[in-house]
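I set out these entries as a record of what I looked up, one topic at a time.

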Amino acid sequence: MQTAAIIVAAGRGTRAGGPVAKQWQSVAGRPVARWTLEVFAPVAQLILVVHPEDSARAAAVAQGLDVTIVEGGATRDASVRAGLEALSAAAPDLVLIHDVARPCVSRGLIDRVIAALATSPGAAPALAVTDALWSGADGQVTGTHDRAGLYRAQTPQGFRYAEILAAHRAHTGGAADDVEVARASGLDVAIVPGEERNLKITGPEDFARAATLLETGMDIRLGNGFDVHRFGPGDHVMLCGVRVPHPRGLVGHSDADVGLHAVTDALYGALAEGDIGRHFPPSDPQWKGAESHVFLRHACKLAREKGFAISNVDCTLICEQPKIGPHAEAMMQAMAAIMDVAPDRVSVKATTSERLGFTGREEGIAALATATLVAS
Ligand code: MG
């Protein structure tokens, strides 16, 4: 079965506030339309119907996805018709028609609509009305209504392609949605249980609700790292990318920057990509004396290649000497520059071990780190 999805995004209304239409505004870190496209991308051939003046913006939002951008018409049903006609050369079996402003739709709901089309020419999600219904005027209740048998309609509304195309071609006059067009043509439409999370972004408050729903579905990865280097001869130590004068140095195969090593291992850990030793074997002479920012840059590059943004890192240095406080700000700035993230996403702090253990005896410095990655 070939399934296509028409994402209707031709509206230009700014009722939700902001300088551009709501589907191009950002929610939970990416445009509303991007979230919507990504839900449907694994299951359907994608058609994005937009206003002619939004074509370039739509192309940018759809970048990296296999999406055909189609210019819509003056009304919603004209826009859907344009999307349906764009599919006619290589007609799919089924088509799902979805409002772009419902980015929280679940894969489960999409699958249920598709499944219902096995026994019905049309299927659409809806929720039974559970609140009492009134009519009102001038701030006064003027009547009450029976809610039995009433539903709140959602999308995606699914249809057998040939039948909904014929229905749209035959339809004259406007329609609130595609179920109305289908029924005007005599097609049966089955009701599939909808989802409260499948809200339609209409006003500004809906962005906050959608952001909460989308963020809880985010792919977030945590990693930790720990490292120790012993003191040896020298006149400085490298800590978190900063050269700190000290009567002793740290011994290591590389520049022995224990802080950068812990942060790098935290990033590899979040990616389930082993540790520094796996990517830069100590047995390989080319890493002798290497500057440790090379390792950290590699871990950051790997994270981005795997589709993750670095949300934050936190590094704790454990030593009696040197004192870290005077250098902490420079260390945060240095790590932020190496990682190409904002400085407020990088933390460096220090503690002693109360003169206990190897760090207390000033035999070496330990560092531990945590990193958070978010799928981008
Ligand atoms: Mg190390």
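**Entry 1. A salt bridge between a helix and a loop**

I began with arginine 112, which is partly exposed at a relative accessible area of 34%. I note at the outset that the model is a predicted one. I then looked up the partner of arginine 112 and found a salt bridge with glutamate 195, whose closest N and O atoms are 3.4 Å apart. The two residues come from distant parts of the chain, 83 residues apart: arginine 112 belongs to helix H4 (residues 107–116), and glutamate 195 to the loop between strand S12 (189–193) and helix H7 (204–216). Is glutamate 195 buried or exposed? I recorded a relative accessibility of 14% for glutamate 195, so this residue counts as buried, the limit for that class being under 20%.

**Entry 2. Glutamine 154**

Glutamate 195 appeared again when I listed the contacts of glutamine 154. Setting aside residues up to four places away in sequence, glutamine 154 touches Arg102, Leu109, Pro125, Ala126, Leu127, Gly194, Glu195 and Asn198. I placed glutamine 154 in the loop between strand S10 (151–153) and S11. Its relative accessibility is 5%, and glutamine 154 therefore counts as buried.

**Entry 3. Further salt bridges**

How many salt bridges does the structure hold? I noted 22, and I examined two more of them individually.

Arginine 12 and aspartate 54 meet through their side chains in a salt bridge, at 2.6 Å from N to O. Arginine 12 sits in the loop between strand S1 (3–9) and strand S2 (26–27), and aspartate 54 in the loop between strand S4 (45–50) and helix H2 (55–61), so the pair ties together parts that are 42 residues apart in sequence. I found arginine 12 partly exposed, with a relative accessible area of 39%, whereas aspartate 54 is buried at 2% relative accessibility.

Aspartate 178 and arginine 76 form a further salt bridge, with 2.9 Å between the closest N and O atoms. This pair also links distant parts of the chain, with aspartate 178 in helix H6 and arginine 76 in helix H3, 102 residues apart. Aspartate 178 counts as buried at 1% relative accessibility, and arginine 76 as partly exposed at 23%. I then asked which residues are linked in a network of salt bridges. Arg76 and Asp178 are among them, joined with Asp99, Arg102 and Lys200.

**Entry 4. Helix H5**

I next looked up which residues are buried in helix H5 (residues 161–170). They are Tyr161, Ile164, Leu165, Ala167 and His168. Viewed down the axis of H5, these buried residues fall within an arc of 160°, so they line one face of the helix. I recalled that an α-helix has 3.6 residues a turn, so residues three or four places apart point the same way. On the other side of H5, I found Ala162 and Ala170 exposed. The cover over the buried residues of H5 includes helix H3 (76–86), strand S6 (94–99), strand S11 (157–160) and helix H6 (178–184).

**Entry 5. The magnesium ion**

Which protein donors does the magnesium ion have? I recorded Asp227 (OD), His229 (NE2) and His261 (ND1), lying 2.1 to 2.2 Å from the ion. Along the chain, the donors follow the spacing D-x1-H-x31-H. Aspartate 227 in strand S13 (residues 220–232) and histidine 261 in helix H8 (residues 258–270) are 34 residues apart, a pair that links distant parts of the chain. Aspartate 227 counts as buried at 16% relative accessibility, and histidine 261 is buried with a relative accessible area of 7%.

**Entry 6. A nonpolar surface patch**

I looked up a nonpolar patch on the surface and found that Phe226, Val228, Phe358 and Leu368 form it, with about 330 Å² of accessible area together. I placed leucine 368 in strand S19 (residues 364–375). At 37% relative accessibility, leucine 368 counts as partly exposed.

**Entry 7. Glutamine 2**

I closed with glutamine 2, in the segment before S1. Glutamine 2 is exposed, at a relative accessible area of 52%. Apart from neighbours within four places in sequence, glutamine 2 is in contact with Pro92, Asp93 and Leu94. I also noted that glutamine 2 and glutamine 45 are 43 residues apart in sequence, with 8.1 Å between their C-alpha atoms.

Notes: Residues are numbered from 1 along each chain as its sequence is written. This is a predicted model: local features need pLDDT of at least 70, side-chain atom pairs count only at pLDDT 80 or more; totals for chains, interfaces and linings use all residues. Side-chain values use heavy atoms; hydrogens and water are left out. Donors are N, O and S atoms within 2.8 Å of the metal (3.2 Å for Na, K and Ca); water is not among the atoms, so sites may look incomplete. Helices (H or I, at least four residues) and strands (E, at least two) are DSSP runs, numbered from the N terminus. Buried means under 20% relative accessible area, exposed over 50%, partly exposed in between (1.4 Å probe, protein chains only). The arc is that of the directions from the helix axis to the C-beta atoms. Contact means heavy atoms within 4.5 Å. Patches are made of residues with over 30% relative accessible area and no salt bridge: like charges are joined within 9 Å, nonpolar side chains (Val, Leu, Ile, Met, Phe, Trp, Tyr) within 5 Å. Accessible areas come from the Shrake-Rupley method with a 1.4 Å probe; for residues, only the protein chains shown count as cover. A salt bridge is a side-chain nitrogen of Lys or Arg within 4 Å of a carboxyl oxygen of Asp or Glu.
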